[in-house]
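Work through the exercises below with the sequence and the structure at hand. Each task is followed by a solution in steps.

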Amino acid sequence: YAKRSFKLSNATLQQKSITSNGYIELPGNLGKSKLGDLPEWWDRCRLLNTTFSEQGGKWYVSFTVECQPEDYYRYHPKRQRAVGVDVGIHKMAALSNGELVKLDRRRLKHLQNRVDQLQKKLGVYRVKALKVIVNRCSKCSEKSINGMNDIRKLCHACYGEFRKKPGRNNKGVKLQHSINNARSKMIAIRENGAHQLTASLVKRFEIVVIEDLKIKNMTASAKGTEEKQGAMVKQKSGLNREFLNVSPYRIRSQLKY
């Protein structure tokens with residue numbers, strides 16, 4: 001389930017193939033596809049290459065262009081001097097001027113619940129498929145193979161049959177595809193929230209100050225070790241998930257960019 005992508009040079013896909021009304025004419029006999037809004041300086045830049053990439057069953061296109069600095073780097077004269085940003089859990093961000101920025105958590109929670117349900121169905125399906133393979137083999141049927149934790153006990157032939165790439169109409173493939181789609185939507189919601197927040201900040205303020213958070217330490221598991229078991233592991237896991245939904249690292253990297 002790796003991402004698929006390919007790149008075309010400006011010799012294969014020329015700039016004139018991307019029209020001002022928001023369409024891209026694909027090479028060969030592939031027709032044309034609708035694009036988003038092009039920047040106003042598009043006609044003044046030079047197209048270098050075009051990359052098509054697939055994520056969650058959808059295809060995206062990105063352009064590498066060469067443009068003049070005055071077209072890309074804009075100074076906003078009405079920007080305020082400075083602002084402080086506090087990234088949180090209940091609110092995506094709280095600004096020092098009193099503004100609060102929200103994140104679409106209901107949509108994220110709905111998608112997470114869907115992922116959990118689909119993963120449970122996928123687990124049940126894979127266990128059933130495992131039992132079918134075990135029952136067909138005289139060697140493996142004598143072993144105590146009851147679940148996914150026991151797949152290493154399979155003989156070489158059965159293990160290869162279980163791990164081989166299934167057909168397109170396989171139920172497991174469809175379930176995994178649905179899980180990938182839901183996760184892609186969650187990623188898109190997080191990235192969209194981070195992009196909108198950071199774009200708004202740099203357009204409105206000269207200086208943006210944020211906390212130097214140790215995200216890896218803050219979101220570490222509370223399981224502990226065998227000698228010293230952790231406490232409230234499930235609650236800490238849920239807290240970590242809510243915090244990572246805010247995408248604190250993405251916000252910081254986008255501000256730097």
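**Exercise 1.** In this predicted model, decide whether serine 17 is buried or exposed, and find which residues it touches.

*Solution.*
Step 1. The relative accessible area of serine 17 is 14%. Buried means under 20%, so serine 17 is buried.
Step 2. Serine 17 sits in the loop that runs between β1 and β2 (23–25).
Step 3. Setting aside residues up to four places away in sequence, serine 17 touches Tyr23, Ile24 and Glu25.

**Exercise 2.** Find the order of the strands in the open sheet and state why one side of β1 and of β5 has no neighbour there.

*Solution.*
Step 1. The open sheet is built from three strands in the order β1-β4-β5, with antiparallel pairing.
Step 2. β1 (4–9) and β5 (58–66) are at the edges and have a single partner strand each, so one side of each lacks a neighbour in the sheet.
Step 3. On average, and with direction ignored, neighbouring strands of this sheet are turned by 15° against each other.
Step 4. Nine bridges join β4 (residues 46–55) to β5 in the antiparallel sense. Glutamate 54 has tryptophan 59 in β5 as its bridge partner.

**Exercise 3.** Place glutamine 112 in its helix and list its contacts beyond four places in sequence.

*Solution.*
Step 1. Glutamine 112 belongs to helix α2 (residues 105–136).
Step 2. Its relative accessible area is 15%, and glutamine 112 is therefore buried.
Step 3. Apart from neighbours within four places in sequence, glutamine 112 is in contact with Met186 and Arg241.

**Exercise 4.** Work out how the buried residues of helix α8 are arranged around its axis.

*Solution.*
Step 1. In α8 (residues 248–256), the buried residues are Pro248, Ile251, Gln254 and Leu255.
Step 2. Viewed down the axis of α8, these buried residues fall within an arc of 130°, so they line one face of the helix.
Step 3. Tyr249 and Lys256 are exposed and lie on the face of α8 turned away from its buried side.

**Exercise 5.** Explain why neither cysteine 67 nor cysteine 137 is bonded to its closest cysteine.

*Solution.*
Step 1. A disulfide needs sulfur atoms within 2.5 Å.
Step 2. For cysteine 67, the closest cysteine sulfur is that of cysteine 45, at 6.3 Å, which is too far for a bond. Cysteine 67 is partly exposed, at 24% relative accessibility.
Step 3. For cysteine 137, the closest cysteine sulfur is in cysteine 158, at 3.6 Å, also too far for a bond. Cysteine 137 is buried, at 13% relative accessibility.
Step 4. Searching the whole structure gives zero disulfides.

Terms used: Residues are numbered from 1 along each chain as its sequence is written. This is a predicted model: local features need pLDDT of at least 70, side-chain atom pairs count only at pLDDT 80 or more; totals for chains, interfaces and linings use all residues. Side-chain values use heavy atoms; hydrogens and water are left out. Two strands pair if DSSP finds at least two bridges between them. Helices (H or I, at least four residues) and strands (E, at least two) are DSSP runs, numbered from the N terminus. Axes are lines fitted to C-alpha atoms, for helices over the stretch in contact, and angles run from 0 to 180 degrees between N-to-C directions. Buried means under 20% relative accessible area, exposed over 50%, partly exposed in between (1.4 Å probe, protein chains only). Contact means heavy atoms within 4.5 Å. The arc is that of the directions from the helix axis to the C-beta atoms.
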